[in-house]
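Here is a short report on one protein chain. It starts with a charged residue and works outward to the whole fold.

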Amino acid sequence: MRPTRRRTRLLLAASVAVAALAVPLGVHVASGADSGTRAEPPKPEPAGSECRTTIEGSRVVAYCHNPYPSTDLVQLHTECVRWWDVDADGAAVEVAPGRTVRLEDRCWKEIATAWVSHRPAPV
């Protein structure tokens with residue numbers, strides 16, 4: 001009877017070893033790691049207005065056109081050359097799809113820089 005017990009123990013040990021190797025492989029396959037298909041992140045819709053800024057002396061004018069289907073918020077920022085001249089951040093203005101807006105500001109003397117910032121309008 002000894003050889004039968006030995007065979008039974010070996011068969012039981014082999015079954016446990018096969019189960020120990022098969023469980024992680026089953027979990028790996030079930031998680032889809034070997035499926036070959038990767039979920040692509042969604043591509044964001046194009047958004048944002050196209051702005052043209054013109055500086056003439058102490059005045060700045062920006063025209064912003066929104067060619068996209070989502071509303072954009074634009075804001076004109078102006079930095080003046082003189083230290084005593086107040087830099088300004090204009091109010092945010094909504095640019096609806098297919099619309100153009102005009103933003104303007106001025107300094108007492110010369111303008112150092114001016115730019116327009118964008119952000120999506122709240123839904």
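Asp72 is buried, yet has no salt bridge. The nearest side chain of opposite charge belongs to Arg119, and that is 8.0 Å away. A salt bridge needs a side-chain nitrogen of Lys or Arg within 4 Å of a carboxyl oxygen of Asp or Glu, so 8.0 Å falls outside the cut-off. This is a predicted model.

**Around Asp72**

What does the side chain of Asp72 meet at 3.0 Å? A polar contact of that length joins the side chain to that of His118. A polar atom of the Asp72 side chain also lies 2.8 Å from the backbone nitrogen of Ser49. Asp72 itself sits in strand 3. Leaving out residues up to four places away in sequence, Asp72 touches ten residues by name: Gly48, Ser49, Asn66, Val93, Glu94, Val95, His118, Arg119, Pro120 and Ala121.

**Gln75, also in strand 3**

Strand 3 also holds Gln75. Gln75 counts as buried because its relative accessibility is 17%, and the cut-off for buried is under 20%. The Gln75 side chain reaches the backbone oxygen of Gly90 at 2.7 Å. Gln75 and Ser117 are 42 residues apart along the chain, but their C-alpha atoms are separated by 5.3 Å. Ser117 is also among the residues that Gln75 touches, not counting those up to four places away in sequence. Others in that set include Asp89, Gly90, Trp115 and Arg119.

**Salt bridges**

How many salt bridges does a search of the whole structure find? The search finds two. Side chains of opposite charge can pair when their charged atoms come close. The two pairs are set out below.

| Pair | Closest N to O | Relative accessibility |
|---|---|---|
| Glu110 and Arg82 | 3.1 Å | Glu110 34%, Arg82 34% |
| Glu104 and Arg102 | 3.6 Å | Glu104 51%, Arg102 46% |

Glu110 forms its salt bridge with Arg82. Glu110 lies in the loop between strand 6 (100-106) and strand 7 (111-120), and Arg82 in the loop between strand 3 and strand 4, so the pair ties together parts that are 28 residues apart in sequence. Glu110 is partly exposed, and Arg82 is partly exposed too.

The other salt bridge joins the side chains of Glu104 and Arg102. Glu104 counts as exposed because its relative accessible area is 51%, and the cut-off is over 50%. Arg102, at 46%, is partly exposed.

**A nonpolar patch**

Which residues form a nonpolar patch on the surface? They are Trp83, Trp84 and Trp108, with about 540 Å² of accessible area together. Trp83 is placed in the loop between strand 3 (72-80) and strand 4 (88-89). Its relative accessible area is 81%, so Trp83 is exposed. Arg82, of the salt bridge with Glu110, lies in that loop as well.

**The whole chain**

The chain has one helix and seven strands. Along the sequence the pattern reads α-β-β-β-β-β-β-β. Of its 123 residues, 20% count as buried. Take the contacts between residues at least 6 apart in sequence: 64% of them join residues at least 24 apart. The accessible surface comes to about 9800 Å². Carbon and sulfur atoms account for 58% of that surface.

Definitions and conventions:
Residues numbered from 1 in each chain as written. Predicted model: local features only at pLDDT ≥ 70, side-chain atom pairs only at ≥ 80, totals over all residues. Heavy atoms only, no water. Patch = residues over 30% accessible without salt bridge, like charges linked within 9 Å, V, L, I, M, F, W, Y side chains within 5 Å. Areas by Shrake-Rupley, 256 points an atom, 1.4 Å probe, with all protein chains shown as cover. Helix = DSSP H or I, 4+ residues; strand = E, 2+ residues; numbered from the N terminus. Buried < 20%, exposed > 50% of the residue type's maximum accessible area, 1.4 Å probe, protein only. Lys, Arg positive; Asp, Glu negative; His and termini not counted. Polar contact = N/O pair within 3.5 Å; in protein donor to acceptor, adjacent residues only side chain to side chain. Contact = heavy atoms within 4.5 Å.
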